[in-house]
Amino acid sequence: MALPPRREQVRQFWQLIRSGLSIPDAAASLGVVNSTALAWFTKTGGVAPESVTNPPQGRYLSADDREQIFAGVVQRLSIRAIARNIDRSASTVQRELCRNTAPRYRPRLPNGLVRAAPTRIGRRGYRPSVAQKHADANAARPKVGLLARNVLLHDEVQKRLTRKDSPEQISHRLRLDFPDDEEMRVSHETIYLSLYVEGRGALKRELAACLRTGRAVRKPRRSGTQRRVRIKDMVNIAERPAEVEDRAVPGHWEGDLITGIQNTSAIGTLVERTTGCLMLLYLPDRHRAIDVQNAIIPAMGGLPDMLRKTLTWDQGIEMSNHVQIAAAADLDIYFCDPHSPWQRGSNENTNGLLRQYFPKGTDLSKNTPSDLKFAADQLNTRPRKRLDWHTPLEAMVKLMSEATNPPGVATTS
């Protein structure tokens with residue numbers, strides 16, 4: 001069986017990755033080929049394993065210790081002298097030499113047994129590099145993962161992954177749903193490791209497709225290159241009321257379109273900033289300015305006054321009729337700066353989640369109003385970190401129950 005690479009080298013690789021270097025740059029710095037470095041990275045799903053990121057404790061011999069032991073062997077020092085040089089006990093050095101000295105250099109007793117350890121070892125009998133590889137191999141003691149041991153927890157996590165909840169959402173929501181059961185606790189890192197790390201596959205590997213990215217390894221986001229068109233008489237986001245920023249006051253929305261293959265089909269998305277509640281706009285034919293206008297007005301106009309204050313959109317040509325929309329729906333409309341999607345953070349995040357239901361490169365016009373309602377209901381019942389792991393629907397129900405006149409809120413259009 002092939003021995004693993006020296007743990008120190010892998011540890012240095014992860015330290016370089018954490019410092020911001022790319023995989024090829026980290027590989028070049030360590031003098032290893034790219035394929036080896038890529039294998040180290042993908043084997044753990046891009047998650048640095050604890051066994052290589054944490055330095056060995058003092059009771060374990062390090063690579064430097066083994067080099068000094070080898071130097072003592074070459075000088076034909078006694079075991080006690082070698083032990084003094086590395087500030088270790090003689091028994092530690094003796095066990096190290098016994099474990100990692102080639103058998104043909106170990107003195108044998110008349111009955112054929114190997115003596116526990118020679119007092120002096122020939123210079124060809126001990127190799128620090130081989131000893132380190134043996135130590136790394138012996139230190140890799142795979143344990144049965146938490147999800148593999150706990151069947152009930154495993155099934156619950158798997159069910160929620162199938163429902164497209166993220167590992168972090170699952171971890172925190174389990175605390176709310178099982179407050180008195182300490183066995184129903186799992187960290188989001190454990191879930192990721194169970195999905196991605198080789199040898200820890202307590203969960204079905206294909207469940208990785210249920211995650212938001214659908215990938216086993218994180219990749220940097222690409223910067224947007226779509227050209228923006230300025231809209232006549234638009235009001236810039238800089239003039240938006242300050243109360244919108246802190247999300248304390250409900251009724252402020254963010255909107256956008258997600259488009260299908262070759263931008264020939266689209267679905268409108270509206271997200272309320274305080275609760276994260278989602279409404280989807282059905283655009284079955286085209287997504288011209290008049291089509292978006294005819295979809296937004298009934299969707300926003302049907303909301304109570306307390307939930308209909310402002311709408312923030314990007315500078316897409318589909319909002320050319322914003323003046324008519326603002327007048328008919330009785331709300332103020334603001335536009336983001338060009339190439340600034342973070343100014344609609346809630347909507348951008350939700351659009352990313354929606355791609356699990358409406359993938360890029362597909363014909364979105366084939367989706368029915370029922371399909372849109374299903375996706376909106378899924379996201380409106382998905383736990384959110386900023387809501388203390390409650391769902392947007394729960395947050396909206398609570399908000400409306402606190403109002404003097406609590407009407408219902410439609411989640412789809």
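In the predicted model, the largest nonpolar core comprises 28 residues, of which Leu270, Ile296, Met300, Leu311, Trp313 and Met319 touch the most other members. Two or more residues of this core are contributed by each of strand 1 (252-259), strand 2 (266-272), strand 3 (278-281), helix 13 (289-301), strand 4 (310-313), helix 14 (322-329), strand 5 (332-335) and helix 17 (392-402). Helix 13 supplies the largest share, 5 residues. A second, separate core holds 14 residues, among them Val271, Leu353, Leu364 and Ala376.

The surroundings of Trp313 were examined further. Leaving aside residues up to four places away in sequence, Trp313 touches Gly255, Asp256, Leu257, Leu270, Ile296, Glu318, Met319, Tyr334, Phe335, Cys336 and Arg344.

The strands that contribute to the largest core also build a sheet. This sheet is open and consists of 5 strands in the order 3-2-1-4-5, with mixed pairing. Strand 3 and strand 5 form its edges, each pairing on one side only. On average, neighbouring strands are turned by 25° against each other, direction ignored. Strand 1 and strand 2 are paired in the antiparallel sense over 7 bridges; Trp253 has Glu272 of strand 2 as its bridge partner.

Helix 13 packs on the sheet through contacts with strand 1, strand 2, strand 3 and strand 4, and its direction makes about 145° with that of strand 3. Helix 16 (369-380) lies across strand 2 and strand 3 and runs at about 165° to strand 3.

Helix 15, spanning residues 345-354, is mostly covered, with 7 of its 10 residues buried. The buried positions are Ser346, Asn347, Thr350, Asn351, Gly352, Leu353 and Leu354. Their cover includes strand 1, strand 2, strand 3 and helix 16. Of these buried residues of helix 15, Leu353 is included in the second core.

A further packing arrangement involves two helices, helix 10 (residues 151-162) and helix 11 (residues 167-177), which pack at an angle of about 120° with their axes 11 Å apart. Helix 10 is therefore oblique to helix 11. The crossing of the two helices is right-handed. At their contact, Leu153, Glu156, Val157, Arg160 and Leu161 of helix 10 meet Ile170, Arg173, Leu174 and Asp177 of helix 11.

Technical notes: Residues numbered from 1 in each chain as written. Predicted model: local features only at pLDDT ≥ 70, side-chain atom pairs only at ≥ 80, totals over all residues. Heavy atoms only, no water. Core = buried A, V, L, I, M, F, W, Y, C linked by side-chain atoms within 4.5 Å. Buried < 20%, exposed > 50% of the residue type's maximum accessible area, 1.4 Å probe, protein only. Helix = DSSP H or I, 4+ residues; strand = E, 2+ residues; numbered from the N terminus. Contact = heavy atoms within 4.5 Å. Pairing = 2+ DSSP bridges. Axes fitted to C-alpha atoms, helices over the stretch in contact; angles between N-to-C directions. Parallel < 35°, antiparallel > 145°, perpendicular 65-115°, else oblique. Left-handed = near helix turned anticlockwise from the far one by under 90°.
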